[in-house]
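Visitor: Could you take one part of this model and walk me through it closely? I'd like one connected story rather than a list.

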Amino acid sequence: MNDERNALTISLFSEILAADQMVRARLSKVLPKGMEISHFSVLNHLAGHSEERTPAQLAETFHVTRGAMTNTLSKLEWAGYVHIRPDWDDARRKLVAISTAGRQARDQAVGSITPVINQVVEKLGDKQVREALPLLRELRRQLGDSP
């Protein structure tokens, strides 16, 4: 039974990793010039939150190192997509907010990736996608809880 479970586990994660790689490749092709998936992800997250976030909070949200998030934020700031300012209450911290240009870039990116995503959902069917979502959410939750 242990070998059977190992094979099942390997098959599950192999499919997830392959799907992730294919999604990233497809989305990278249609994102606006110069925008990376990590840039879009951060802009999309910030667009959905009215309050400023610290780089550390963003790194935790995206499960990346603070250095990786600092690199992404530097590129977004250079492009004018985010504002980074000192935290007036704690000079050691910075606060990040999406700019008007960042919202526009995020909206443009959503417009370019939506047809790609809709095409996949259309081929799978709404029912199948709805049935898959609880499993994927639980998988994400369990992976997020693990050390």
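**A close look at helix 5 and its surroundings**

Guide: Let's warm up on the outside: Leu12 has 40% relative accessibility, so it counts as partly exposed. This is a predicted model, by the way, so read every value here as computed from it. Leu12 is found in helix 1, and it joins Phe13, Leu17 and Leu143 in a nonpolar patch on the surface. Together those four have about 360 Å² of accessible area. Helix 1, which runs over residues 2-30, gives the most to that patch, with three residues.

Helix 1 also leads us to the main part, since what covers the buried residues of helix 5 includes helix 1, helix 2 and strand 2 (90-98). Which residues of helix 5 are buried? They are Gly102, Ala105, Ala109, Ile113 and Val116. If you like to check the spacing in that list, remember that an α-helix has 3.6 residues a turn, so residues three or four places apart point the same way.

Now for the length of helix 5. It holds 25 residues (100-124), and at 1.5 Å a residue they should span 36 Å; the end C-alpha atoms are 35 Å apart, so the two figures agree. Along the way there's a kink of about 35 degrees at Ile113, shortly before the proline Pro115. Ile113 is thus a residue to look at twice, being on the buried list too. Just after helix 5, Gly125 takes a positive phi of about 100 degrees.

Finally, hop over to helix 2, one of the elements covering those buried residues. His45 lies in this helix, which covers residues 37-47. With 15% relative accessibility, His45 counts as buried, because the cut-off is under 20%. Leaving out residues up to four places away in sequence, His45 touches Arg53, Leu58, Thr61 and Phe62. And where is His45 relative to Leu124? The two are 79 residues apart in sequence and 26 Å apart in space, C-alpha to C-alpha.

Terms used. Residues numbered from 1 in each chain as written. Predicted model: local features only at pLDDT ≥ 70, side-chain atom pairs only at ≥ 80, totals over all residues. Heavy atoms only, no water. Helix = DSSP H or I, 4+ residues; strand = E, 2+ residues; numbered from the N terminus. Buried < 20%, exposed > 50% of the residue type's maximum accessible area, 1.4 Å probe, protein only. Contact = heavy atoms within 4.5 Å. Patch = residues over 30% accessible without salt bridge, like charges linked within 9 Å, V, L, I, M, F, W, Y side chains within 5 Å. Areas by Shrake-Rupley, 256 points an atom, 1.4 Å probe, with all protein chains shown as cover. Salt bridge = Lys/Arg side-chain N within 4 Å of Asp/Glu carboxyl O. Expected span 1.5 Å × (residues − 1). Bend = angle between axes of the 7 residues up to and from the residue.
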